[in-house]
Amino acid sequence: ISEEIIFGGLVWILVASSLVPWPLVQGWVMFVSVFCFVATTTLIILYLIGAHSGETSWVTLDAAYHCTAALFYLSASVLEALATITMQDGFTYRHYHENIAAVVFSYVATLLYVVHAVFSLIRWKSS
């Protein structure tokens, strides 16, 4: 199983269970984590069943998807970190710690998608 799926799923669970001060930020982070979770799972399943048949269009798709996912996750990570930093009174210590964990796992997922995007671009360039 892909590390992106594991950390993306953790972000999804943490953001869904936490209380984010700005609903728009929570919506964007949830969209990014769910979209990337489903898309990465779909791509892995398609690769495992051999739907790619070694075609170069799949290499292009892989590179484009992981670059987009890395950009999405970077934006979601920055917004989640900003929302966590600006948490004010009315939020419990537990909510604050859940948001911190979501930020950390979101940045880890971002790093994993960036690394995968770099290797996908190298593979795309050589094909």
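User: How do I read the order of elements along the sequence, and what pattern does the protein chain follow?

Analyst: Walk from the N terminus and note each helix or strand as you meet it. In this predicted model, the pattern reads α-α-α-α, with four helices and zero strands.

User: Where does UniProt place the feature "transmembrane region"?

Analyst: Treat a record as something to hold up against the coordinates. The unreviewed UniProt entry puts "transmembrane region" at residues 5-22, 28-49, 70-88 and 100-122. Take residues 28-49: the model has that stretch at 95% helix and 0% strand, with its end C-alpha atoms 31 Å apart. Residues 5-22 come out at 72% helix and 0% strand, and there the end C-alpha atoms are 25 Å apart.

User: Which residues have the most contacts inside the largest nonpolar core?

Analyst: For a core, look for buried nonpolar side chains that touch one another, meaning under 20% relative accessible area and side-chain atoms within 4.5 Å. The largest one here has 20 residues, and Val29, Cys36, Tyr65, Tyr73 and Tyr113 have the most contacts inside it. Helices H1 (3-17), H2 (23-48), H3 (56-85) and H4 (93-126) each supply at least two of its residues, with H3 giving the largest share, seven.

User: What does Tyr73 touch?

Analyst: Skip its sequence neighbors up to four places away, and the list includes Gly8, Val11, Cys36, Ser106 and Tyr113.

User: And what share of the contacts joins residues at least 24 apart?

Analyst: Count pairs at least 6 apart in sequence, and 77% of those contacts join residues at least 24 apart.

User: How much of the chain is buried?

Analyst: Of its 127 residues, 36% count as buried. The chain exposes about 7100 Å², and carbon and sulfur atoms supply 76% of that.

Terms used:
Residues numbered from 1 in each chain as written. Predicted model: local features only at pLDDT ≥ 70, side-chain atom pairs only at ≥ 80, totals over all residues. Heavy atoms only, no water. UniProt positions renumbered as here; feature names shortened; annotations may be inferred. Buried < 20%, exposed > 50% of the residue type's maximum accessible area, 1.4 Å probe, protein only. Contact = heavy atoms within 4.5 Å. Areas by Shrake-Rupley, 256 points an atom, 1.4 Å probe, with all protein chains shown as cover.
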